[in-house]
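Student: Got a minute to go through this structure with me? I'd like the salt bridges, the pocket and anything odd in the backbone.

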Amino acid sequence: MEALTRERLLMLAGCDEARLTVLEQRQILDPGALGYTLSDVSRLRLILALQDAGIGLDVLAEGLKRQIFSFEFASQLMFEPVTMTSASVDDEVAAGNVDLDTVNGLRASASLPLLSPGHPLREDDVEFVRLIAECMQLGASAAGMERVLRVFGHSVRRCVDTMRDLFRAEVEEPMLNAGVSYHQLLEISAGRRLALQRIGFRVLFLLQRRVLEEAVFDNIVGRLQEALREHGMEQGEEESLPAVAFADLSGFTGLTHEIGDAPAAEKAARFEAIAQRLAGTCEGRIVKPLGDGVMMLFPDAASAVEAALCLVEQSREHDLPPVRVGVATGQVVPRDGDIFGRTVNLAARVSAVAGPSQTLVCPNTRTAAEAAERGLAFQGLGAVSLKGFKDSVPLFAAQRTKTG
């Protein structure tokens with residue numbers, strides 16, 4: 001393993017001479033017979049993080065002495081560990097012909113810490129600044145990049161939190177329940193951590209590439225069809241209006257008090273999984289999860305109603321609280337992976353007045369779904385006053401057409 005000079009270790013870990021000297025004196029970090037190595041960079045960074053979290057040096061030294069834990073596992077913290085560089089903020093900003101305020105504005109959008117003039121940069125910070133400069137050279141605006149980074153930040157945080165929670169629940173907790181000490185836990189789980197990180201990173205990449213490919217092809221096909229129609233080379237078909245569905249678990253707050261937060265969260269997760277599968281089966285998708293509910297988008301009204309009825313049925317089969325759904329059909333405004341507009345607001349208000357195990361729809365949805373002739377029927381419930389809407393809205397309860 002490559003030996004590191006003391007100066008090189010300090011630079012890569014972002015540590016000052018005085019702090020390292022104290023750690024050595026307390027025997028919290030030991031260079032060993034061959035000196036420091038690359039694995040000590042991760043160890044030092046972890047120790048500094050523990051200090052910054054408020055754990056005193058006396059406590060760390062005593063924990064090591066009593067073998068409550070060790071830092072041997074620290075070389076296996078990250079699949080692709082990141083180190084500090086000798087590059088400064090000022091140099092990178094100047095080289096990319098961007099200003100620091102713009103860079104920090106974009107970092108804030110992604111929930112990244114802000115950079116200060118004169119400070120050295122991490123490897124990923126250097127690349128971040130360079131990618132911003134490259135995007136600007138390609139014509140991207142700061143406002144446009146902020147929109148993308150805001151969505152990236154939210155989405156990546158949820159992905160990473162899910163990976164962490166899964167590791168704790170499926171790897172660490174079973175070992176602790178079996179009587180494994182924390183010292184052993186950190187050592188044993190290190191290898192699995194790296195393997196699962198590698199798989200998680202790769203799966204995220206594969207999924208992003210696949211979804212992006214579908215979006216690119218869909219956009220290009222749409223543009224080519226528009227061009228052909230403009231030149232009279234293709235007949236324009238009447239397009240179905242999209243449909244928005246809001247679905248949630250009835251009485252979820254009361255259920256949380258009854259069975260506890262963790263079991264209730266499991267039921268909410270199971271509900272989201274069922275909704276995601278059914279939405280995909282009906283050519284739709286979940287736009288965003290809502291804790292104990294979901295907002296879904298479908299290409300047409302019939303698909304939305306079919307998915308809603310299946311969701312009510314399957315949630316019952318999986319011992320979940322009754323599901324209520326509201327569906328509205330009409331134009332939506334897509335933005336940053338979300339959707340907005342009157343149709344979205346109407347679907348949300350309709351779902352709020354739906355009863356347990358009930359799917360309510362607006363008049364547009366009923367008309368379009370009946371025209372699709374997919375075995376759907378609707379019972380009129382009269383006009384209902386909905387919050388935020390001036391006039392009362394006629395609502396209909398969806399059901400399957402009875403046969404035989």
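Tutor: Sure, we can take those topics one at a time. Keep in mind that this is a predicted model.

Student: How many salt bridges are found in the whole structure?
Tutor: A search of the whole structure gives 25. Let's go through a few of them.

Student: What does Asp336 pair with?
Tutor: Asp336 forms a salt bridge with Arg147, at 2.6 Å from N to O. The pair links distant parts of the chain, 189 residues apart. Asp336 sits in the loop between β9 and β10, and Arg147 sits in helix α8, residues 142-177.

Student: How accessible are those two?
Tutor: Asp336 is partly exposed because its relative accessibility is 22%, and the buried class is under 20%. Arg147 is also partly exposed, at 30%.

Student: And where does Arg158 come in? Which residue is its salt-bridge partner?
Tutor: Arg158 bridges to Glu272, with the closest N and O atoms 3.0 Å apart. This pair links distant parts of the chain too: Arg158 is in helix α8, and Glu272 is in helix α11, residues 261-281. They are 114 residues apart.

Student: Is Glu272 buried or exposed?
Tutor: Buried, because its relative accessibility is 16% and the cut-off is under 20%. Arg158 is partly exposed, at 42%.

Student: Back to networks. Which residues do shared salt-bridge partners join?
Tutor: Arg147, Arg150, Arg335 and Asp336 are joined into one network.

Student: OK, pockets. How much space lies in the second largest one?
Tutor: About 220 Å³.

Student: What lines that pocket?
Tutor: The lining includes Ala13, Gly14, Cys15, Asp16 and Arg19. Arg45, Leu48, Ala49 and Asp52 are also among the lining residues, and so are Met84 and Arg122.

Student: Which element gives the largest share of that lining?
Tutor: Helix α3, residues 39-52, with four residues.

Student: What's the mix by class?
Tutor: Five nonpolar, one polar and five charged residues.

Student: You listed Arg122. What does it form a salt bridge with?
Tutor: With Asp124, where the closest N and O atoms are 2.7 Å apart. So Arg122 lines the second largest pocket and has a salt bridge as well. Its relative accessible area is 28%, which makes Arg122 partly exposed. Asp124 is partly exposed too, at 34%.

Student: Now the surface. Which residues make the nonpolar patch of about 500 Å²?
Tutor: Leu212, Val216, Phe217, Ile220 and Leu224.

Student: Where is Leu212?
Tutor: In helix α9, residues 182-230.

Student: And why is Leu212 classed as exposed?
Tutor: Because its relative accessible area is 52%, and exposed means over 50%.

Student: Switching to backbone. Which residues have an odd phi?
Tutor: Gln67 is one of them: its phi is positive, about 60°, although it is not a glycine. Glu283 is another, with a positive phi near 65°.

Student: Why flag that?
Tutor: Because most residues other than glycine have a negative phi.

Student: Where do they sit?
Tutor: Both are in loops. Gln67 is in the loop between α4 and β3. Glu283 is in the loop between α11 and β6.

Student: Buried or exposed?
Tutor: Gln67 is exposed, at 58% relative accessibility. Glu283 is exposed as well, with a relative accessible area of 63%.

Student: Let's finish with the interior. Where is Ala245, and how accessible is it?
Tutor: Ala245 is in strand β5, residues 243-249. Ala245 counts as buried because its relative accessibility is 0%.

Student: How far apart are the C-alpha atoms of Ala245 and Phe69?
Tutor: They are separated by 50 Å. Along the chain, the two are 176 residues apart.

Student: What about Ser315? Which helix is it in?
Tutor: Ser315 is in helix α12, residues 301-317. Its relative accessibility is 0%, so Ser315 is buried.

Student: And its distance to Glu272, by C-alpha atoms?
Tutor: The C-alpha atoms of Ser315 and Glu272 are 10.0 Å apart, with their positions 43 residues apart along the chain. Glu272 is the partner of Arg158 in the salt bridge we covered.

Definitions and conventions
Residues are numbered from 1 along each chain as its sequence is written. This is a predicted model: local features need pLDDT of at least 70, side-chain atom pairs count only at pLDDT 80 or more; totals for chains, interfaces and linings use all residues. Side-chain values use heavy atoms; hydrogens and water are left out. Patches are made of residues with over 30% relative accessible area and no salt bridge: like charges are joined within 9 Å, nonpolar side chains (Val, Leu, Ile, Met, Phe, Trp, Tyr) within 5 Å. Accessible areas come from the Shrake-Rupley method with a 1.4 Å probe; for residues, only the protein chains shown count as cover. A salt bridge is a side-chain nitrogen of Lys or Arg within 4 Å of a carboxyl oxygen of Asp or Glu. Helices (H or I, at least four residues) and strands (E, at least two) are DSSP runs, numbered from the N terminus. Buried means under 20% relative accessible area, exposed over 50%, partly exposed in between (1.4 Å probe, protein chains only). On a 1 Å grid over the protein atoms alone, a cavity is a set of points where a 1.4 Å probe fits but cannot get out, and a pocket is an open set with protein on both sides within 12 Å along at least five of seven lines; lining residues have an atom within 4 Å of a point. Grid points are joined across faces, edges and corners, and a volume is the space filled by probe spheres set on the points. Ala, Val, Leu, Ile, Met, Phe, Trp, Tyr, Cys and Pro count as nonpolar, Asp, Glu, Lys and Arg as charged, and the others, Gly among them, as polar.
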